[in-house]
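Biologist: I have a protein model in front of me and would like to learn how to read it one feature at a time. Could you take me through it slowly?

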Amino acid sequence: MAAGGRIQQTSAPALAQGLMLPPAAGSAAKLPLASRVRRYWASGTANAKGRGLSSAAHRSQSSSHPLLLPGPGVEMAAPLPARSRFVVVGGGIAGVTCAERLATEFPSEDILLVTASPVIKAVTNFKQVSKTLEEFDVEEQPSTMLEQRYPNIKVIESGVKQLKSQEHKIFTEDGKQCIYEKLCLCAGAKPKLIFEGNPYVLGIRDTDSAQAFQNHLAKAKRIAVVGNGGIALELVYEIEGCEVIWAIKDKAIGNTFFDAGAAEFLIPKLTAEKLETAIACKRTKYTTEGSEKEEGSVAAADKLGTALGPDWHEGLHLKGTKEFSHKVHIETLCEIKKIYLQQEFKQLQKTSLSFPKDNSDNQNAHPDEELWPVYMELTNGKIYGCDFIVSATGVVPNVKPFLDGNNFALGEDGGLKVDKHMHSSVADIYAAGDICTASWEPSQVWQQMRLWTQARQMGWYAAKCIVADFLGESIDMDFSFELFAHVTKFFNYKVVLLGKYNAQGLDLDHELMLRCTKGQEYVKVVMQNGRMMGAVLIGETDLEETFENLILNQMDLSAYGEDLLNPNVDIEDYFD
């Protein structure tokens, strides 16, 4: 070392082997430099294990040293890639849960989390309701808060440009490189936007796009919503002061979650005044403009942030220019055929319909004399004008950045196929959440759905599998994959879905049992060969734990017949 603490030029390997000064025990190493940069030096799992080093010992030799700088006049070498045993891509529920679990299991290892957004999704107020049912809130936080909670998580704020799996290296959009030993891809999904590029078609996927929607809605008299999934259901119910034309390709609303009977139970809520007082959302909302609460942020079309949480609409003022509460017209069994801008619509001399006075088949609908910025022509021949169109037609796995040059097996839905240990078809790469497709033989009462609960469960389980693989241990499938169980809220009702709740994949010999009290509860159970295979519970039924046990135990219930749903029989105590 030269006088004055200056280090002479030398090669990176020489620095790694001979000139790095380890930190004093229990404290970080300090150099008389205004700025210090940490560099990750990882010599590989096999070498570490071969020398009999623990994780902590290996890390102290490989990745805890300060970066030594050459003296004045000496050219700096190109920065070496960041190195970490564990790299997670994605700042949504699956990715953050995976990173947190890995950080807890390996407190002496740096966990790299690569995310395109400066905000991440954190699980808060987690509650295990029953064996498989869980409730939690999703809180949007700046990534710095995650680093504060877990000092060994290092967040790289950039999207992934390319993955070179044979080199165990990822390249980010801002020019960084990361070398990994184990990689977990949790990059989520992106919306299937109808007529992409049309300025009057909005997709709602992340916080910025939800904020942009609120801004547009505040100036709108009429909008169209296309889609029949969870976001569409919540959206149509929450909007006030604006006419809504809701176009769905199914016979009934909420086809993903309900049958026609449940849909009929819910529809009155769309025409009734909203008497419920919305609970104020006390959690701070962040946009990708920064880490402070902002108003009026408009989402950039080419930016894909982390997906919305289950309470995404809380804290947003979803009101149009009118003074009424709900005004929704549903067009079933149709899709959008074509979209016209105002000028084209006038040139073609098309005729649009006014908003129907009721939700019947609008036989008496008359032409609309008002001019609108955009018009949609449906496959049933009807044309409606509106201020803008919301595309809520589902999502597709966000796999594109990872496919080029890598031999991933893909599922029918385009997701990365994973086995029962969340491992993809490429060595040392795992996947969890919306980006993956479960390709193992599932339990007879479980199915994959791209929901918040499964994103958390998969992220947690993927980390558990990575830990087991790294330590050379065997692992059993997590119990959360024994039974599909999801609790949510639609139209201000509590909704619990269990097992094959819509008889998915069951033979025609299944039976349905129903109990409905208008405006209070809707209970449906799916039976096959005397055994309960699934259930839909809407309202405060208090039956979820009992039915969960009956589905898991596969008890023969033939002897009980319709008493299973008899409100005068205390079924919970009977099977307790």
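**Rings, strands and a loop**

Modeller: Phenylalanine 86 is buried, and so is phenylalanine 470. Please keep in mind throughout that this is a predicted model.

Biologist: How should I describe two aromatic rings, and what kind of pair do phenylalanine 86 and phenylalanine 470 form?

Modeller: In general, one gives the distance of the ring centres together with the angle of the planes. A search of the whole structure turns up 18 aromatic pairs, and phenylalanine 86 with phenylalanine 470 is an edge-to-face pair, at 5.3 Å centre to centre and with 70° between the planes. The pair links distant parts of the chain, since phenylalanine 86 lies in strand β1 (residues 82–89) and phenylalanine 470 in helix α12 (residues 452–471), 384 residues apart.

Biologist: Why does the pair of phenylalanine 345 and tyrosine 375 count as stacked?

Modeller: Planes under 30 degrees apart count as stacked, and the planes of phenylalanine 345 and tyrosine 375 are at 5°, with the ring centres 3.6 Å apart, so this pair is stacked. Here too distant parts of the chain are linked, with phenylalanine 345 in helix α10 (residues 342–348) and tyrosine 375 in strand β15, 30 residues apart. Both phenylalanine 345 and tyrosine 375 are buried.

Biologist: Which residues form an aromatic cluster, and where does a charged end sit over a ring?

Modeller: One aromatic cluster is made up of Trp440, Trp446, Tyr461 and Phe481. As for charges, the charged end of lysine 221 sits over the ring of tryptophan 372, 5.5 Å from its centre, while that of lysine 269 sits over the ring of tyrosine 493, 4.9 Å from its centre.

Biologist: Strand β15 came up with tyrosine 375; in what order do the strands of its sheet stand?

Modeller: The sheet is open and has three strands in the order β14-β15-β16, paired antiparallel. Because β14 (336–341) and β16 (383–386) stand at the edges, with a single partner strand each, one side of each is left without a neighbour in the sheet. From one strand to the next the twist averages 25°. Four bridges join β15 (residues 374–378) to β16, and valine 374 stands opposite cysteine 386 in β16.

Biologist: Is tyrosine 200 buried or exposed, and what is it in contact with?

Modeller: Buried means under 20% relative accessible area and exposed means over 50%, so tyrosine 200, at 30%, is partly exposed. Tyrosine 200 has its place in the loop between β9 (189–191) and β10 (201–203). Leaving aside neighbours within four places in sequence, tyrosine 200 is in contact with several residues, including Leu341, Pro373 and Val374. The C-alpha atoms of tyrosine 200 and tyrosine 375 are separated by 9.6 Å, although these residues are 175 apart along the chain.

Biologist: How many residues of helix α7 are buried?

Modeller: An α-helix has 3.6 residues a turn, so residues three or four places apart point the same way. Helix α7 (residues 230–238) is mostly covered, with seven of its nine residues buried, among them Leu233, Val236 and Tyr237.

Biologist: What does the secondary structure of the chain come to, and what share of its residues count as buried?

Modeller: The chain has 14 helices and 26 strands, and 52% of its 576 residues count as buried. Among contacts between residues at least 6 apart in sequence, 66% join residues at least 24 apart.

Key: Residues numbered from 1 in each chain as written. Predicted model: local features only at pLDDT ≥ 70, side-chain atom pairs only at ≥ 80, totals over all residues. Heavy atoms only, no water. Pairing = 2+ DSSP bridges. Helix = DSSP H or I, 4+ residues; strand = E, 2+ residues; numbered from the N terminus. Axes fitted to C-alpha atoms, helices over the stretch in contact; angles between N-to-C directions. Phe/Tyr/Trp six-rings, centres within 6.5 Å; stacked < 30°, edge-to-face > 60°. Buried < 20%, exposed > 50% of the residue type's maximum accessible area, 1.4 Å probe, protein only. Lys NZ or Arg CZ within 6 Å of the ring centre and 35° of its normal. Contact = heavy atoms within 4.5 Å.
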